Amino acid sequence: MTAVIETRNLSKWYGNVLGLSDVSLGIEPGITGLLGPNGAGKSTFMKLLTGQLKPNIGSVSILGRRIWNHFDAFAKIGFCPESDAFYEEISGWEFLTGLLSFYGFSKAEIRARAEKALDIVNLTGDKDRKIRGYSRGMRQRIKFAQAIGHDPEIIILDEPLSGLDPLGKRKLIHLIKDYRDQGRTILVSSHVLPEIEAMTSRIILIHQGKILAQGDIHYVRDLIETHPHVISIKCGDARGLAAKFVNEPYVLKIHFGPDGDSLVVETHKRDAFFGRLNQVVLESALRVEEITSPDDNLQAVFDYLVGK
Amino acid sequence: MSLEVRDLHFSYGKITALDGVNLKLEGGAAGLLGPNGAGKSTLLRILLGFLTPAKGDGKVLGYDIRHQRPLIRRSVGYMPEDDCFIAGLDAVSFTAYFGELSGMPRQEAMKRAHEVLFYVGLGEARYRLLDTYSAGMKQRLKLAQALVHDPKLLFLDEPTAGLDPHGRQEVLELIKDISSAKDIHVLISSHILADIETICSDVVILNKGKVAAQGKLQDLRSIDYSLFELKVMGNESLFRQELESLGCRVDETEDRILKVYMPAERDRLEIFRAASASGVQVRHFVKSRTSLEDLFARTVGVD
Amino acid sequence: MATIREKGYSHWDGALVERKFPWWPITRTGIQLAFRRKHFKFFFSVSFLPAVVFLVGIYISERIEDFKFMIKDSENFIKINPAFFKTYFTNDFLLFMMVMLLVFSGAGLIADDLKHNALQLYFSRPIGKKDYFLGKAAVIFFFILALTLVPGLVLFFMKLVFSGNFKLLTGYPWLLPAIIGFSALLTVFFAFYTLLLSALSKNRRYVTILIFAIYVFSDVVYGITFGIFRSPYVALFSLKASFQQAGAVIFGQRLPYAYPGYLSFLVLFGICAVSAAVLHRRIRGIEVIE
C-alpha cells in the first residue's frame, strides 16, 4: 500500500531548541496512533504535517506532493487541534460556515456541509448559541466538526477525546472507525494509551524528536529484546504448573503472584512456551482461570522504549 | 461508613442538578461516573461541605452535611479538576500554606509539606516557583495539597487529566497506594474508564441527577453465563469450526479477539482440546466481563 | 534491634488546632508576596519620606534656637498642632504613594486567585468567606496602617519626647483619637476599594490600571467639572478631595472645600457599602458555578 503521508529526513528546530530530528516515515490509510511523552515533538510533527510549519531540513509530502505552501493540498487535510482557541463571540454555526468558506465551496454547499457536520457531532440544536456558552464537551465536538466538514481524505486529531464523557468518547471512536472503513487516513495523538488501543494497533512513538518505534504494537513488542515476554497464568495449581516449566531452557524467570494461585513467566520464545503450555493444560487437566500477557500493551511498550 | 447521603436534592435556579440521590460508600476507592451534566460536581460540592442541599440529609465521615460543614472540610482533601495554584510561591510554601488553612500548626504544616511533596514525586522541584511548573507537576501539586493535612476522605476530580503516559501511570500508582492504606477513602470522578477500572473497587454511576447504578465493580461487571475471550495463534477458522461443532458460538471482535459462548454443560478444557485438535495455540484466555464502557452505556440508557 | 521506614504513604499523627484568627495565614502570605514583587521595597521605603520629613520638622520645631540663624521668622515657622498632623495625613505625595502600595500589595489579592482558580482550594478548607475577605483585607490594613497610624503615633510620641512635656496631649486631647480615627478611615476605605477592584477582574494588570485610574481620574473629573460649573460640590467627584475634606473635619481644621464636610464621609462610606455588596455577590457566584 502506498503511503498517503510521507516524510523524508524531516527536521525542525526553534532557535536551538529541537523539535524533530530526521524523521522519515510513511503513513498509510487507516488509523495510526501517535504517542510520546510531553515535549517529544508530537505537536511539531503534526504542525509540519498540516503545513503550519516549514521544515528546516527535509520534506512532507501528501499524496505525492509537497505540502509546504501548497494551499490546495490543505483541502484534503482536516486538523483538530488540542488547544481551545475560539472566537467566543460567534455562534457554532458561524464558526463552522466561516471556516468552510475557505475551501471555495458554494454557499449552498457550505450550508449543506455544515449541517451534515453538526449532525454528525450532535450539535444541531446548539448551532446558534455563542461559543462562549459551549461546555467543554461541546467545544471538543465543534472542533471535530470543523476538521471533517470539508470531507478531507486525511484527518489529523490531537487529543480528540479530552473533555468528552464516556459515551461521547465511544461515539467519536465509532465515527473515527467509520472513517477508517471509508478508506481515509487518520492520525490520532493522545496521552491516554488505553483510548488509542481502542482505536488501532498501529502506532508511531516519538521521543526526544526521534521516532522510537513504528508499526503494529504487537510486532513492536516482539522487537524489544531487552524485555522478554511476560505471561501470567491463573490456575488451580500454580506451583504444580511451575514445576512443569522449571526445566525448560526458554523460560527465563518464574515468579508467583501475590494471591498465591497465579504464576508469572518470562520467556523469549513464546512459540515454544505456548506450545508446551497448551500441552500441559490438557495433560494435567488443569483448571485454567486466566492466561494473559500483561505487558503486551501500549503502556508497556511505552515504558520499555521511553524508559523512566 | 465513611459516606452516607439520603434523598439529596439541589437546583441552580431552575436547573435541577440533583434529583434524589441516595448513596452509601465504605472504604477503599470508589469511582464516580456519569455523563456531563449528570450532577457529579454538584454532588461533590455537597459532600465537600461547599453547598447545602435543598432537600435531604446525610453524613460524611460521621459529620452532618448541613450542620457540620466546616468539620467535614477539615478531614477531606480535594483535588480539583482545573489548574489551580498561587503565583509567586514555591511548592513548599504553597503546600504548607494550605495545610495551615486546614488547621495545622505552622511548623507541622511545613514538615508535612516536605514529606508529601516527596511522596508525590516533586521532591527535587519543591523549592522552585510554581510559575515554572509543567502541567504534570501542577497536577501532582494539587494532589499534594489535598494530602497535606492527612485527610480521611479524598476527592479526586479527573486526576490524570493532561498528563502524559508516564505521568498517568505514576499518578495512578500513587492513588492505588493511598487507597490501599485501608483508612483513607478515595472517591474519584473521571471520564477515563480505564483509570477507574485500574483503581476502584466500587463504582457509582450518576445520570440526570439520580444514581443510576451503584455497587462493587466486580459484581456489576460479572456475567452469569460462560463467555470467554481468547486469542489464538494458528488456523483460526479450523478452530472456530471445532468449537461450533461443540455447540459454542464464536464471534470475532476487533484486534482478533475471539468471544466464545460456551453452553453450561461444557467444560472449559474442551476449548483447549479443540485448540489442540486444530493445531492452534491458546495465547490469551480470560473469562469475559461486561466492559465498564458497556455497563455505563447500558445504565445511562442513551445511544 | 532495628527499624526501617516503610515506603509509601504515611499518616500524620499531629492534631489540628482551632486558630483564634483563622485568616492569619492568608494575611501573612499576602504580605510576603507583596514584598517579593519587584521594586516593592523601594516604593515602600520612599513612601516613608513624608514621615521622615515631618519627623525632622518636629525636631527642628523644638530646637528652634539652634536653627535661628537659618530662619527669619522663627516664631511662626513650625507649630506642632493638629494642623501639622492634618498636613501630614492629607499631603498629596503620601496619598499617591498609598495608592502605589495598593497596586503592589492589593491588585492581585483576589484577581490572581480568580485567574488561577485558587478559590476552590481555599473553600475546601474549614474557613468561611468572611475569613477569606478579612485575611485579604488585613494585607491592605498592614500597609496602610504602616503609613498612617504608625507614623502618626511616632510623630505624636516624638513630639512629646523632644518637647519634654505633655503640652501636646493636654492642649489637644482629641488629637490622638483623631489620628487613630483618620487612619482607620483611610485603611478601611482603601481595603474596600482595592478588594472590590481586585474581585472584578482576573487580570492583575487591569486591576492595577483601575486602582490608579479611578483615583487619578476622579481628580481630573473634579478639575474639569469645576472649570465648567464652578460649584464646590463637584469636589465630591474627587477621592483625593474627599480625603482632604474628611481629614480637615477630623483634625478640626478649616475645610479646604466649600461644602459640608459630612458629605465626604457619605461618599467614602457609600463606596465601601457598594464594595461589600458586590464582593458578597461575586464570590458567591464563583462558588456555585458548575
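Me: In the contact between chain B and chain C, how many residues come from each chain?
Reply: The model is a predicted one. Chain B and chain C both contribute to the contact, and a residue counts if its C-beta atom lies within 7 Å of one across the boundary. The contribution is 32 residues from chain B and 26 residues from chain C.

Me: Which helix of chain B gives the most to the side of chain B that touches chain C?
Reply: Elements giving two or more residues to this side are helix 1 (40-48), helix 2 (69-74), helix 3 (91-101), helix 4 (106-119) and helix 6 (165-180) of chain B. With four residues, the one that gives the most is helix 3 of chain B.

Me: What is the make-up by class of the side of chain B that touches chain C?
Reply: Helix 3 of chain B, with four residues, gives the most to this side. By class, the side of chain B that touches chain C has nine charged, five polar and 18 nonpolar residues.

Me: What distance separates the end C-alpha atoms of helix 10 of chain A?
Reply: Helix 10 of chain A covers residues 270-283, which is 14 residues. At 1.5 Å a residue, a span of 20 Å should result. The distance between the end C-alpha atoms agrees with this, at 20 Å.

Me: What arc around the axis do the buried residues of helix 10 of chain A cover?
Reply: The buried residues in helix 10 of chain A are A:Phe273, A:Phe274, A:Leu277, A:Asn278 and A:Val281. They are on the same side of the helix, because the arc they cover around the axis is only 130°.

Me: Which exposed residues does the face of helix 10 of chain A turned away from its buried side carry?
Reply: A residue is exposed if 12 or fewer other C-beta atoms lie within 10 Å of its own. On the face of helix 10 of chain A turned away from the buried side, the exposed residues are A:Asp271 and A:Glu283.

Me: Which residue just after helix 10 of chain A takes a positive phi?
Reply: Most residues other than glycine have a negative phi. Just after helix 10 of chain A, a positive phi of about 45° is taken by A:Ala285.

Me: Why do the buried residues of helix 3 of chain C line one face of the helix?
Reply: Helix 3 of chain C (residues 49-62) has end C-alpha atoms 20 Å apart, in agreement with the span its 14 residues should have at 1.5 Å a residue. Its buried residues are C:Pro50, C:Phe54 and C:Ile58. An α-helix has 3.6 residues a turn, so residues three or four places apart point the same way. Seen down the axis, the buried residues of helix 3 of chain C line one face because they fall within an arc of 80°.

Me: Which helices do the buried residues of helix 3 of chain C pack against?
Reply: The face turned away from the buried side carries the exposed residues C:Leu49, C:Val52, C:Val53 and C:Val56. The buried residues of helix 3 of chain C pack against helix 4 (82-90), helix 5 (92-106) and helix 9 (149-163) of chain C.

Me: Which element gives the largest share of the side of domain 1 of chain A that touches domain 2 of chain A?
Reply: Chain A is divided into domain 1 (5-222) and domain 2 (224-306), and 14 residues of domain 1 are in contact with nine residues of domain 2. Elements giving two or more residues to the domain 1 side are helix 7 (193-197), strand 9 (202-207), strand 10 (210-216) and helix 8 (217-223) of chain A. By class, this side has 10 nonpolar, two polar and two charged residues. The largest share, four residues, comes from helix 8 of chain A.

Me: What percentage of the residues in chain C is buried?
Reply: Chain C has 14 helices and zero strands. Its C-alpha trace spans about 85 × 65 × 35 Å along the principal axes. Of the 290 residues in chain C, the buried portion is 38%.

Me: Is A:Asn69 buried or exposed?
Reply: A:Asn69 lies in the loop between strand 5 (65-66) and helix 2 (71-74) of chain A. Although not a glycine, A:Asn69 has a positive phi of about 70°. With 8 other C-beta atoms within 10 Å, A:Asn69 is exposed.

Key:
Residues are numbered from 1 along each chain as its sequence is written. Chains are lettered from A and ligands numbered from 1 in the order in which they are written. This is a predicted model: local features need pLDDT of at least 70, side-chain atom pairs count only at pLDDT 80 or more; totals for chains, interfaces and linings use all residues. Two residues are in contact if their C-beta atoms, placed from the backbone, lie within 7 Å. Ala, Val, Leu, Ile, Met, Phe, Trp, Tyr, Cys and Pro count as nonpolar, Asp, Glu, Lys and Arg as charged, and the others, Gly among them, as polar. The expected span of a helix is 1.5 Å times one less than its number of residues. A residue is buried if 20 or more other C-beta atoms lie within 10 Å of its own, exposed if 12 or fewer, and partly exposed in between; C-beta atoms are placed from the backbone. The arc is that of the directions from the helix axis to the C-beta atoms. Domain bounds come from an automatic or database domain assignment.
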